[in-house]
Amino acid sequence: MENSEVKMPITYADLKQDLLDSGRAYDFDMIDRAYALAAKAHGDQRRRSGEPYICHPLSVAQILVELGMDSESIAAALMHDVAEDTSVGITEIRQKFGDEVALLVDGKQADADKIAEAIRAAGTNLVGVKVITLGGFLFIGGTLDDSQKAELLGWVDEMVAACK
């Protein structure tokens, strides 16, 4: 089988243009740093489709821009699989980006009860974590079979119930 290069469906330049076109005030320094960290951490990882892995967090971030989310949410979306799939840990993300971004990244990976407990303890809301998770689900939703979709919806229901 020929190993041809798979074109990226979205680039960081595309995301930056969407950020600019939105007309909202974004912290481009933070978002640039988040992208740089994610791109370096994911390195040569590939999706099953053969696309560079970084296209997934870029697509999730693009969905969040369309939803009008803030800089911290966009930065967290770019890094949402970094702590789970690379050698970069949540402690490093917290040191470089602060507690709010770290909570959004870490919350995406924790179970529903732990997320709700952490957020209630911090006195913040779960909207950002939910939206990053939803963005990821919207991106991958088209690639799931029925049993995977049912499992995913069950997890979302758990998240919602735990945060009430």
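Let me begin with one side chain towards the far end of the chain, K96, which is partly exposed, with a relative accessible area of 43%. Before I go on, please keep in mind that what we are looking at is a predicted model, and that everything I say about distances and exposure is computed from it.

K96 has a partner, because a salt bridge joins this lysine to E92, with the closest N and O atoms 2.7 Å apart, where the cut-off is 4 Å. Both E92 and K96 belong to helix 6, which covers residues 90-97, and they sit four residues apart, about one turn of the helix. An α-helix has 3.6 residues a turn, so residues that are three or four places apart point the same way. E92, for its part, is partly exposed too, at 28% relative accessibility.

The structure holds four salt bridges, and I would like to take you through two others. In helix 2, D29 pairs with R33, and here the closest N and O atoms are 3.2 Å apart. D29 and R33 are again four residues apart within one helix, about one turn, and R33 counts as partly exposed at 35% relative accessibility.

The other one is of a more far-reaching kind, in that K16 and D32 meet through their side chains at 3.0 Å, N to O. This pair links distant parts of the chain, since K16 lies in helix 1 and D32 in helix 2, with their positions 16 residues apart in sequence. How exposed are the two ends of this bridge, K16 and D32? K16 has a relative accessible area of 24% and is partly exposed, while D32, with 28%, is partly exposed as well.

Helix 1 and helix 2 bring us to the aromatic rings, of which two pairs are counted. In one of them Y12 and Y35 are stacked, with 4.1 Å from centre to centre and 5° between the planes. Y12 lies in helix 1, residues 12-22, and Y35 in helix 2, so this pair ties together parts that are 23 residues apart in sequence. Y12 counts as buried, because its relative accessibility of 12% is under the 20% limit.

The other aromatic pair is made by Y26 and F28, and it is edge-to-face, at 6.4 Å centre to centre with 70° between the planes. Are these two residues buried or partly exposed, if we take Y26 and F28 in turn? Y26 is buried at 10% relative accessibility, whereas F28, with a relative accessible area of 22%, is partly exposed.

Y26 also turns up when we look at D70, an aspartate placed in the loop between helix 3 and helix 4. Setting aside residues up to four places away in sequence, D70 touches Y26 and E100. D70 and R24 are 46 residues apart in sequence, and yet their C-alpha atoms are 8.7 Å apart in space. D70 itself counts as partly exposed, at 35% relative accessibility.

From that loop we move into helix 4, residues 71-78, which is mostly covered, with seven of its eight residues buried. The buried ones are S71, S73, I74, A75, A76, A77 and L78. How do helix 2 and helix 4 lie with respect to each other? Their axes come within 8 Å and cross at roughly 10°, and that makes helix 2 roughly parallel to helix 4. Helix 2 contributes M30, I31, A34, Y35 and A38 to the contact, and helix 4 contributes S71, E72, I74, A75 and L78. Sorted by class, this contact has eight nonpolar residues, one polar and one charged. You will recognise Y35 here, the residue that also stacks with Y12.

I will finish with another tyrosine, Y53, which sits in the loop between helix 2, residues 28-42, and helix 3, residues 55-66. Although it is a loop residue, Y53 counts as buried, at 12% relative accessibility. Which residues are in contact with Y53, if we leave aside its neighbours within four places in sequence? They are H42, Q45, R46, R47, D81 and D85. There is also G43, which is 10 residues away from Y53 along the chain, with 8.2 Å between the two C-alpha atoms.

Notes
Residues are numbered from 1 along each chain as its sequence is written. This is a predicted model: local features need pLDDT of at least 70, side-chain atom pairs count only at pLDDT 80 or more; totals for chains, interfaces and linings use all residues. Side-chain values use heavy atoms; hydrogens and water are left out. Helices (H or I, at least four residues) and strands (E, at least two) are DSSP runs, numbered from the N terminus. Buried means under 20% relative accessible area, exposed over 50%, partly exposed in between (1.4 Å probe, protein chains only). Contact means heavy atoms within 4.5 Å. Axes are lines fitted to C-alpha atoms, for helices over the stretch in contact, and angles run from 0 to 180 degrees between N-to-C directions. Angles under 35 degrees count as roughly parallel, over 145 as roughly antiparallel, 65 to 115 as roughly perpendicular and the rest as oblique. Ala, Val, Leu, Ile, Met, Phe, Trp, Tyr, Cys and Pro count as nonpolar, Asp, Glu, Lys and Arg as charged, and the others, Gly among them, as polar. Rings of Phe, Tyr and Trp (its six-membered ring) pair if their centres lie within 6.5 Å; planes under 30 degrees apart count as stacked, over 60 as edge-to-face and the rest as tilted.
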